[in-house]
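Here are a few short exercises to work through with the model open. Try each task yourself before you read the solution.

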Amino acid sequence: MKLKLALAAVGAVATCTLLHSIPAFAQQTSTHVEECTTWGFIQDIQYQFGVVNTCSYPIEVWFLSGTGAQAHAQVSPGGIFSTGLT
């Protein structure tokens, strides 16, 4: 039993040493969707509740209303998604 524990400890130390020696990958630096979208009642769509995508990339929007109605769309950069709610 002590031999198994000793081997497990050696294996854990070797794994930690190996992981420590691997260089870290650069993290993605793109903007989070929360930082480049605006939700609210939008004048351009007759004051319906929706979102404006000011991101530099398309976003996916899934919306579930209080009545259970679902809406889904891909919104292009500069695009507007309307929930249909007023």
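**Exercise 1.** Work out whether Thr37 counts as buried or exposed, then list what Thr37 touches.

*Solution.* Start with the accessibility: Thr37 comes out at 16%, so it counts as buried (buried is under 20% relative accessible area, exposed over 50%, partly exposed in between, with a 1.4 Å probe and protein chains only). This is a predicted model, where local features need pLDDT of at least 70, side-chain atom pairs count only at pLDDT 80 or more, and totals for chains, interfaces and linings use all residues. Residues are numbered from 1 along each chain as its sequence is written, and side-chain values use heavy atoms, with hydrogens and water left out.

Next, place the residue: Thr37 sits in strand β1 (helices, H or I of at least four residues, and strands, E of at least two, are DSSP runs numbered from the N terminus). Now go through its neighbours. Leaving aside residues up to four places away in sequence, Thr37 touches Val51, Val52, Asn53, Thr54, Cys55 and Ile59 (a contact means heavy atoms within 4.5 Å). Finally, check the side chain: one of its polar atoms lies 2.8 Å from the backbone oxygen of Val33.

**Exercise 2.** Find the disulfide and say which parts of the chain it ties together.

*Solution.* There's one disulfide in the structure (a pair of cysteine sulfur atoms within 2.5 Å). Its partners are Cys36 and Cys55, with sulfur atoms 1.8 Å apart. Cys36 is in the loop between α1 (2-21) and β1 (37-42), while Cys55 is in the loop between β2 (48-53) and β3, so the link ties together parts 19 residues apart in sequence. Look down the S-S bond next: the angle is 80 degrees and the link is right-handed. Both Cys36 and Cys55 are buried.

**Exercise 3.** Describe how β3 and β4 pair, and pick out the residue with a positive phi in their hairpin.

*Solution.* Strands β3 (residues 59-64) and β4 (residues 70-75) run antiparallel and are joined by six bridges (two strands pair if DSSP finds at least two bridges between them). For a sample bridge, take Phe63, whose partner in β4 is Ala71. Then move to the turn: five residues separate the strands, and Gly68 has a positive phi near 95 degrees.

**Exercise 4.** Which residues does Thr86 touch, and is Thr86 buried or exposed?

*Solution.* First locate Thr86, in the segment after β5 (80-82). With 75% relative accessibility, Thr86 counts as exposed. Beyond residues up to four places away in sequence, Thr86 touches Phe41, Tyr47 and Gln48. The C-alpha atoms of Thr86 and Tyr47 are 6.4 Å apart, although 39 residues separate the two along the chain.

Conventions
Polar contact = N/O pair within 3.5 Å; in protein donor to acceptor, adjacent residues only side chain to side chain.
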